[in-house]
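Colleague: I have a few minutes before class. Can you walk me through this one?
Modeller: Sure. Let's bring it up.
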Amino acid sequence: MSSKLWNTVLSLFLLSFFGWSSASSGSRSILREIGAENGDPRDYGVDLNLTNFDSVLKDTPATYAVVEFFAHWCPACRNYKPHYEKVARLFNGPDAVHPGMVLMTRVDCASKINTKLCDRFSVSHYPMLFWGPPSKFVGGSWEPKKEKSEILVIDDGRTADRLLNWINKQLGSSFSLDDEKFENDHLPSNVSDPGQIARAVYDVEEATTTALEIILEHKMIKSNTRASLIKFLQILVAHHPSKRCRKGSAEILVNFDDLFPSDLLLADKQEENDGKSPLSSFQICGKDVPRGYWMFCRGSKNETRGFSCGLWVLIHSLSVRVEDEESQFAFTAIRDFVHNFFICEECRQHFHKMCSSVSGPFTKTRDLVLWLWNAHNKVNTRLIKEEASLETADPKFPKMIWPPKQLCPSCYRSHTQRNNEIDWDQDEVFKFLTNYYGKTLVSLYKDKDALGNDGADGAIEELVASTNALVVPVGAALAIAVASCAFGALACYWRSQQKSRKYFHQLHSLKNI
């Protein structure tokens, strides 16, 4: 059977199995400001109804949510709306002052579609405000006589000041209605708190999507860069910490031969005809990414941190997830991706120079993890000096040698302050990095499905390994899997038999590249 026909079969099966649709135009991003077509452009509160209530609250990266139940015919509700919007401005939308902390939403109980939803929460008056972790609202309810509930009624929020004061008490914060973007005294600068990295999982998604957007915007997929993008996408499919990014990467790989055939003249002609890249309809990390802001990687100034920070976190998170036999493939995939697609010329030259100094192939995950850690510290050492002389450092997030002693005291055998020489315990450093960029990074998702591994996800990894754009062609095995519907069992068997092989024969097996 021809490779193109196999790709068609694979694409249809993958889309039907996981319910993906690359061209579907889902609901607007839950943390974006409501557009003029949906009402007053100054509205920041997110309108929910019975059909999207659970999905929006399940997918939000926010730690807490406020749900206002109101009725559009209620005069008191109309008068309260400006107060609610003043607070929502701080937390919602692309220009949020304090993004990712509280999702401000509203439900119109006067709409018949929401009757059952309002009944679930025993709404007794308008407006009625609730507070709690978003996951507790999903499929949840509230009853007045229920003694223990993580969903609380906001009993003192009748004005913007009082509502914000109530929220501040819950968060232990001191936010003000006058707060402006990038003037953030609350920004997390306490490096001794390892839990901060958990917020970076959303930045990893943001960085993945931003990287693809840059590649498409600058038309960087060429005959000499095509293979390096395929290799990096393979790593993302197998080891990206976000399941939705793994799925999106798999979808791109399954369709890669059709999107970017080896004869790039055809692809270039298509792009000229419609003005868009053939990849523009794919959403690598889902319909709500990019969100337009950073969380862990957010600087105190607009031009600091952001994408470069997110990309470093992504690379570290990939390195701690690969297995020993994959470490050299992961190294070359990361090296070539940065060299071909990171648009900061000086940065990629420095990184490529460090990569070129590697004497031999990596055979252990530990070696790769520690090499990347050491390389990152070398970059920071250089930038500390440059930013000090040019006064371009972020005052709240200055570059530092990582990890600081407060975060990992066992990583330090000794530290000479005079010349800043550190005697590292590399076993402890490796243990710290594995936990920090591994389990801790995804800890916010422990109650969600967006990141966790499951049998179906393992099946994706094996499925994409069978396309002719990838390393190991297993068309016959996949045909048996599709015909017998024993997809999961075959994937697990194939994974156990082939994991050590599928990364090592990529160069001579990448047909038509």
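Colleague: Which residue follows helix 15, and what is the sign of its phi?
Modeller: Glu391 follows helix 15. Its phi is positive, near 60°. Keep in mind that this is a predicted model.

Colleague: Okay. How far apart are the end C-alpha atoms of helix 15, and what span should its 26 residues give?
Modeller: Helix 15 covers residues 365-390. At 1.5 Å a residue, its 26 residues should span 38 Å. The end C-alpha atoms are 37 Å apart, so the two values agree.

Colleague: Let me pick a residue in there. Where does Asn377 lie?
Modeller: Asn377 lies in helix 15.

Colleague: Is Asn377 buried or exposed?
Modeller: Asn377 is buried. Its relative accessible area is 7%, and buried means under 20%.

Colleague: What does Asn377 touch, leaving out residues up to four places away in sequence?
Modeller: Asn377 touches Met400, Ile401, Trp402 and Trp424.

Colleague: Trp402, then. What kind of peptide bond runs from Trp402 to Pro403?
Modeller: A cis one, with omega near -5°. Pro403 is in the loop between helix 15 and strand 6, which is 412-416.

Colleague: And what about the bond that joins Tyr126 and Pro127?
Modeller: Tyr126 and Pro127 are joined by a cis peptide bond too. Omega is about -15° there. Pro127 sits in the loop between helix 4 (115-120) and strand 4 (128-132).

Colleague: What is odd about Ser122?
Modeller: Ser122 is not a glycine, yet its phi is positive, about 50°. Ser122 is also in the loop between helix 4 and strand 4. At 23% relative accessibility, Ser122 counts as partly exposed.

Colleague: And Lys219? Where is that, and what is its phi?
Modeller: Lys219 is in the loop between helix 7 and helix 8. Its phi is positive as well, about 50°, and Lys219 is not a glycine.

Colleague: Let's zoom out. How many helices and strands does the protein chain have?
Modeller: The chain has 20 helices and seven strands. There are 513 residues, and 51% of them count as buried.

Colleague: What share of the contacts with a separation of 6 or more comes from residues 24 or more positions apart?
Modeller: That share is 73%.

Colleague: On to the inside. Which residues of the largest nonpolar core touch the most other members?
Modeller: Leu279, Val313, Phe351 and Trp371 do, in a core of 81 residues. Helix 7 gives the largest share of this core, 10 residues.

Colleague: What is Trp371 in contact with, beyond its neighbours within four places in sequence?
Modeller: Trp371 is in contact with Phe331, Phe351, Met354, Cys355, Val358 and Phe362. There is also a second, separate core of 21 residues. That one includes Tyr44, Tyr84, Ile154 and Leu164.

Colleague: Leu164 is in helix 6, I think. Which residues of helix 6 are buried?
Modeller: Ala160, Leu163, Leu164, Trp166, Ile167 and Asn168. They pack against strand 2 (64-70), helix 3, strand 3 (102-108), strand 4 and strand 5 (152-153).

Colleague: What span should helix 6 have?
Modeller: Its 12 residues, 160-171, should span 16 Å at 1.5 Å a residue. The end C-alpha atoms are 16 Å apart, which agrees. Gly172 follows helix 6, with a positive phi near 70°.

Colleague: Now helix 3. What does Lys86 contact outside its neighbours within four places in sequence?
Modeller: Lys86 is in contact with Ala160 and Leu177. Lys86 belongs to helix 3, residues 75-91. Its relative accessible area is 46%, so Lys86 is partly exposed.

Colleague: How far is the C-alpha atom of Lys86 from that of Asp43?
Modeller: The two are separated by 9.4 Å. Along the chain, Lys86 and Asp43 are 43 residues apart.

Colleague: Last topic: holes. How many cavities of 30 Å³ or more are there?
Modeller: Four. The second largest has a volume of about 90 Å³. Its lining residues include Thr208, Leu229, Ile284, Leu314 and Phe337. Helix 7 (200-217) and helix 8 (226-239) are the elements that give two or more residues to this lining.

Colleague: How does the lining of the second largest cavity divide into nonpolar, polar and charged?
Modeller: It has 10 nonpolar residues, one polar and no charged.

Note on methods:
Residues are numbered from 1 along each chain as its sequence is written. This is a predicted model: local features need pLDDT of at least 70, side-chain atom pairs count only at pLDDT 80 or more; totals for chains, interfaces and linings use all residues. Side-chain values use heavy atoms; hydrogens and water are left out. On a 1 Å grid over the protein atoms alone, a cavity is a set of points where a 1.4 Å probe fits but cannot get out, and a pocket is an open set with protein on both sides within 12 Å along at least five of seven lines; lining residues have an atom within 4 Å of a point. Grid points are joined across faces, edges and corners, and a volume is the space filled by probe spheres set on the points. Helices (H or I, at least four residues) and strands (E, at least two) are DSSP runs, numbered from the N terminus. Ala, Val, Leu, Ile, Met, Phe, Trp, Tyr, Cys and Pro count as nonpolar, Asp, Glu, Lys and Arg as charged, and the others, Gly among them, as polar. A nonpolar core is a set of buried Ala, Val, Leu, Ile, Met, Phe, Trp, Tyr and Cys residues joined through side-chain atoms within 4.5 Å. Buried means under 20% relative accessible area, exposed over 50%, partly exposed in between (1.4 Å probe, protein chains only). Contact means heavy atoms within 4.5 Å. The expected span of a helix is 1.5 Å times one less than its number of residues.
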